[in-house]
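Got your viewer open? Keep the selection box handy and follow along.

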Amino acid sequence: MLIKIWRNYSKYFFVSNRESRIAIFFGIVGAFLETLSIYLLANLISNFENKFSYFNIKFIGPFNLSNEIIIAVFFISGIFASYIYYISNKNIVRAKCKIERYIREEITDLTLNIKWEYYLKLSQGDISKSIISEGQNISEGYMYFLQAITNSVIAITYFCICLLVVPDTFFILILYGFLAFRIYVYYSKKAEIYGKDLSSITSKIGNWTASLFNNLKYIRTISKDKIARDESRKIFLHFGNAYSKAMVASYKSKFITELLTICFLFLAILYILISNSSKSNLILSLSLFVRMTPKVYNSQTRFLDSLAMISWPNLYTKKIKWAQNHHENNIIKKHKLDFNGTIILNSVSFNYPDCTSIIENLNLKINDKDSIGIIGKSGSGKSTLIDLITGIIKPTEGDIFVSGENTRNININEWRENIGIVMQENYFKNDSVAANIALGEKNYNKEKIKSSLIKANAWDFVEKLPNSIDEIIYDKGMRFSGGERKKLALARAFYSDPNMLILDEPSTGLDIKSESEFISVITSILGTMTVIIISHKKDLVNICDRTLHLKNKRLIAI
Ligand SMILES: Nc1ncnc2c1ncn2[C@@H]1O[C@H](COP(=O)(O)OP(=O)(O)OP(=O)(O)O)[C@@H](O)[C@H]1O
Ligand SMILES: [Mg+2]
């Protein structure tokens with residue numbers, strides 16, 4: 001069990017190396033000082049009992065110390081022990097926070113860099129769950145583990161000193177230690193069984209709530225919200241039960257160990273009285289025993305708590321390995337890119353993992369400021385072709401060259417900085433119109449935002465909003481109609497001053513008037529930048545220099 005805990009949490013020990021070491025080190029020093037202080041107190045009481053006679057302190061050695069010195073050492077070591085525990089605890093909390101941050105950053109970085117075709121396999125809910133819950137629960141489990149280690153060291157120190165200074169109760173103590181350990185082993189199995197599914201149930205909650213709330217309008221409209229509510233309750237109940245069972249295991253073990261402690265305390269007193277040992281022995285063993293036992297329960301419960309939470313680091317390690325196996329390779333030295341307008345697709349083929357090919361042996365040359373219209377049936381691979389050009393996915397065979405550089409060898413972000421795009425579904429965050437147009441820019445240029453909106457025919461409706469460009473547009477731009485969202489996405493593309501404009505079904509959702517306005521906007525920019533338009537509408541693609549038909553996995557000129 002301990003090996004299992006270590007195997008799952010050891011990585012985080014190294015992540016929070018400094019804090020964890022300080023916590024454990026100060027835990028040990030604190031334990032020694034505290035034990036010393038208790039030991040001195042017991043001797044002091046015993047000395048008073050013996051009418052202030054000098055007492056030969058067994059533990060310190062062959063010195064005869066006065067009561068004044070004992071009091072002083074007791075006082076100082078007691079205060080220091082508390083202070084040192086405070087430092088130990090402070091570092092435990094710091095280690096937790098460091099690990100929490102590390103996990104959140106690691107998930108974010110890995111997810112940002114995961115190959116697109118594998119990213120698609122992930123659920124949004126699971127990603128959010130990982131960032132929130134895994135960061136929190138793994139670091140919490142680790143914190144319990146660290147507390148368990150420091151508490152065990154303290155308990156073991158007490159235990160050894162008890163054995164050393166009160167040898168009369170040797171057998172009683174050994175039996176106590178053995179039984180406490182057996183209780184831990186018994187409950188650790190239970191905690192592990194109950195805690196096993198906690199992480200996967202939390203994933204379920206994440207997946208479920210994300211899919212529910214992302215589609216709430218649809219779900220409400222078809223009157224499935226009751227079913228959704230019942231389903232949620234089932235999942236929440238399942239989690240609640242698993243969590244309470246896992247955590248209650250540690251309280252049960254604490255309860256049993258407490259009972260055991262009382263019995264052993266009673267036995268120890270009885271034994272010392274019967275065997276006529278000295279009173280100082282009785283006082284010493286009782287005070288040490290009474291101080292030791294809470295440390296025993298604490299280390300027991302903390303070990304069990306960290307064990308109950310072990311499914312989090314366990315599942316997380318598997319996920320990280322999976323993500324690392326499907327990571328974009330960013331290690332090799334990338335070439336610098338100066339975009340000169342040429343894009344060449346050379347015998348490009350693509351298929352999603354374990355699927356048949358979508359594009360096969362496709363060739364295309366795009367010159368600077370060319371305009372290309374692409375048509376093709378639904379599902380023929382038009383958007384996939386765009387994803388290949390933008391580097392979202394890499395060809396499974398063949399190569400794509402931008403300005404003569406293979407896209408496999410360039411820093412893809414330098415290439416993407418040249419692109420303005422309107423996708424079939426566009427990204428909008430719960431922020432103002434302006435913040436959405438100037439995405440990511442803090443000090444955006446209001447005049448430029450306005451001119452981009454005018455250029456995209458979006459100013460008409462933005463101007464009429466109560467807060468104009470400062471109007472909040474909600475998640476996914478839900479404040480607007482489908483056609484308005486397309487215009488905003490076009491405005492955003494213009495705002496970035498692209499060298500290449502990609503429009504994937506840009507006129508969906510536009511009425512006839514807006515569509516003809518849209519066509520005139522695009523016509524006016526032809527020749528100023530490279531343009532690729534994908535559309536089922538002939539009127540739109542016909543404005544381009546060339547129209548290509550994506551058919552049978554290749555492009556045919558028409
Ligand atoms: N993640 C995926 N895994 C497997 N197949 C996929 C995946 N994404 C898309 N496809 C398949 O790839 C094919 C091409 O899809 P794509 O989106 O490029 O079509 P499209 O030509 O843009 O269609 P539309 O005109 O409807 O937008 C489709 O048959 C689709 O089922
Ligand atoms: Mg498409």
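Here is a walk through the structure, stop by stop. Bear in mind that this is a predicted model.

**Stop 1: the ligand**

Select ligand 1 and show what surrounds it: the shell holds 14 residues. Put sticks on Tyr 352, Ser 378, Lys 382, Ser 383 and Thr 384, which are the closest. Now color helix 12, residues 382-389; it supplies three residues, the largest share of the shell. What is the mix of nonpolar, polar and charged residues around ligand 1? Color by type and you get eight polar, four nonpolar and two charged.

**Stop 2: helix 1**

Jump to residues 2-15, which make up helix 1. Try a distance between the end C-alpha atoms: they sit 20 Å apart. That agrees with expectation, because 14 residues at 1.5 Å a residue should span 20 Å. Where does helix 1 bend? Click Tyr 9, where the bend is about 50°. Tyr 9 is also buried, as are Ile 5, Asn 8 and Tyr 12 in this helix. To read that list, remember that residues three or four places apart on an α-helix point the same way, because there are 3.6 residues a turn.

**Stop 3: the sheet**

Next, switch to cartoon and pick out the open sheet of six strands, ordered 8-9-10-5-11-12 with mixed pairing. Its edges are strand 8 (419-422) and strand 12 (554-557), each pairing on one side only. Sight along the sheet, and the twist from one strand to the next averages 20°.

Stay inside the sheet and select residues 371-375 (strand 5) together with 530-534 (strand 10). These two run in the parallel sense, joined over four bridges. For a landmark in the pair, show Ile 372, which stands opposite Ile 532 of strand 10.

**Stop 4: two backbone oddities**

Most residues other than glycine have a negative phi. The last two selections go the other way.

Select Tyr 474 in the loop between helix 16 (459-463) and helix 17 (482-495). Its phi is near 65°, a positive value in a non-glycine residue. Is Tyr 474 buried, exposed or partly exposed? Partly exposed, because 13 other C-beta atoms lie within 10 Å, while the exposed class stops at 12 or fewer.

Then go to Asn 552, in the loop between strand 11 (546-551) and strand 12. Phi of Asn 552 is near 50°, again positive without being a glycine. Asn 552 counts as exposed because it has 10 C-beta neighbours inside 10 Å.

Notes. Residues are numbered from 1 along each chain as its sequence is written. Chains are lettered from A and ligands numbered from 1 in the order in which they are written. This is a predicted model: local features need pLDDT of at least 70, side-chain atom pairs count only at pLDDT 80 or more; totals for chains, interfaces and linings use all residues. A residue is near a molecule or strand if its C-beta atom, placed from the backbone, lies within 6 Å of it. Ala, Val, Leu, Ile, Met, Phe, Trp, Tyr, Cys and Pro count as nonpolar, Asp, Glu, Lys and Arg as charged, and the others, Gly among them, as polar. The expected span of a helix is 1.5 Å times one less than its number of residues. The bend at a residue is the angle between axes fitted to the seven residues ending there and the seven starting there. A residue is buried if 20 or more other C-beta atoms lie within 10 Å of its own, exposed if 12 or fewer, and partly exposed in between; C-beta atoms are placed from the backbone. Two strands pair if DSSP finds at least two bridges between them. Axes are lines fitted to C-alpha atoms, for helices over the stretch in contact, and angles run from 0 to 180 degrees between N-to-C directions.
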